[in-house]
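Q: I would like a close look at a single part of this protein, the metal site, with some account of what lies around it in the chain. Please begin with the overall layout and then work inwards.

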Amino acid sequence: MIIPKANVLSAEQLAEVQAIVAEFGCQIGVIKGAHRSIYAILGDERKELMLSRLEGLSYVDRIDRIDSPFKLMDLRSGLADHDFAIGGITLGKGLLYIAGPCTVDPKEAQLTIETAHAVKAAGAHALRGGVWKPRTMPYSYQGEDAALEVLLEARAQTKLPLNVEVMDERQLAVAVDAKVDVIQIGTRNGLNYTLLKKIGECTANTSTAVLLKRSRHMGPIDEFIAAAEYIVAAGNPKIMLCPRGTLPGLDGYRNHPDESITPLLKEKTWAPVVYDPSHAVGRAQYVEQAALAAVAYGADGLNLEAHISPKRGIGDDPKQALNPTQLARLFKNGLKIYEILKGSVDDG
Ligand code: PEP
Ligand code: MN
């Protein structure tokens, strides 16, 4: 990691640095953070001659040799003091609430519009909604572009930023074109490295953030952080890690709830954790407890399924979506826990 004396390198300085590392078969990855840019040496950077030449440049403060598999996601990387906001909440400085229906049915647009107003009234800072759906059965409703139109109208009416999952490059192009505020990567694509890279590239230097769900098939936590590294290395540091339960499910729950990995993630990476209790437990009656546990574990936000009338929703809604009253109660209780913990940190 090259730490310049200024917050950014000029074009000439960057070109010089690139030329030096190219001689040694490496490249420079430039990530534009909110406060300064990060210059990662990509490739095998353990070459003393290369490092001493870089260290000798008048505009270079130092070279940080972070002994970590993650150059950018590591807590010690220069991105640790990077921050970004969604719906007026700066991640890590306030508790972010994202809520909305699992799946948007364009034939029932009014249900989504009403749901958007209801989640806003309950206290959500952003609206989620499924446009294209990764359904287990090929005969289930798969989603369609028309659902995005409904969500764009809901965003226009409520002014809530919009979180939408994409599963392929065509959907990504449509979502980026619509200036979707948060691109979600679902559990099934959490290990799709080609898509992760593409999403990082297509949202680099835009205001779009990325919410990466934990693949339900992932093993060690490092595998989750490495997936996020792909997105950040491709150019977008506005990333949220979203655990959502893993397989096999814990008896009685849809998945094995994994909110307890939050502090483990925070020991290794600066990235905010936005937990999804809805898919973790899969039953509306258990969602609040899992959500509050996540906040107690130090989560920076929650991604929840909610519907104005859960039984009329499609996809996962009938089983796991919260109604507006349940959502408002959860939001209130979540904030109480968040404030208590914040107070205890402030008290030392
Ligand atoms: C969803 O958010 O509706 C969804 C399909 O999530 P996951 O990828 O976590 O199953
Ligand atoms: Mn769902």
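What distance, taken over C-alpha atoms, separates the centres of domain 1 and domain 2?

A: In this predicted model, the centres of domain 1 and domain 2 are separated by 35 Å, taken over C-alpha atoms; domain 1 covers residues 2–63, and domain 2 covers residues 85–347.

Turning to the metal site, the manganese ion (ligand 2) has as its protein donors Cys 102 through SG, His 279 through NE2, Glu 305 through OE and Asp 316 through OD, which lie 2.0 to 2.6 Å from the ion. Along the sequence, these donor residues of the manganese ion (ligand 2) follow the spacing C-x176-H-x25-E-x10-D. Within this set, the pair His 279 and Glu 305 links distant parts of the chain, since His 279 belongs to helix α9 (residues 277–281) and Glu 305 to strand β14 (residues 301–305), 26 residues apart. Both His 279 and Glu 305 are buried.

Helix α10 (residues 284–296) also has a set of buried residues, namely Ala 284, Val 287, Glu 288, Ala 290, Ala 291, Leu 292, Ala 294 and Val 295. After α10 comes Gly 298, which has a positive phi, near 105°.

As for the surface, Leu 250, Tyr 253 and Tyr 286 make a nonpolar patch of about 240 Å². Leu 250 sits in the loop between β12 (239–242) and α8 (262–268), and because its relative accessible area is 37%, Leu 250 counts as partly exposed.

Key: Residues numbered from 1 in each chain as written. Chains lettered and ligands numbered in written order. Predicted model: local features only at pLDDT ≥ 70, side-chain atom pairs only at ≥ 80, totals over all residues. Heavy atoms only, no water. Patch = residues over 30% accessible without salt bridge, like charges linked within 9 Å, V, L, I, M, F, W, Y side chains within 5 Å. Areas by Shrake-Rupley, 256 points an atom, 1.4 Å probe, with all protein chains shown as cover. Salt bridge = Lys/Arg side-chain N within 4 Å of Asp/Glu carboxyl O. Helix = DSSP H or I, 4+ residues; strand = E, 2+ residues; numbered from the N terminus. Buried < 20%, exposed > 50% of the residue type's maximum accessible area, 1.4 Å probe, protein only. Donors = N, O, S within 2.8 Å, 3.2 Å for Na, K, Ca; no water. Domains from an automatic or database assignment.
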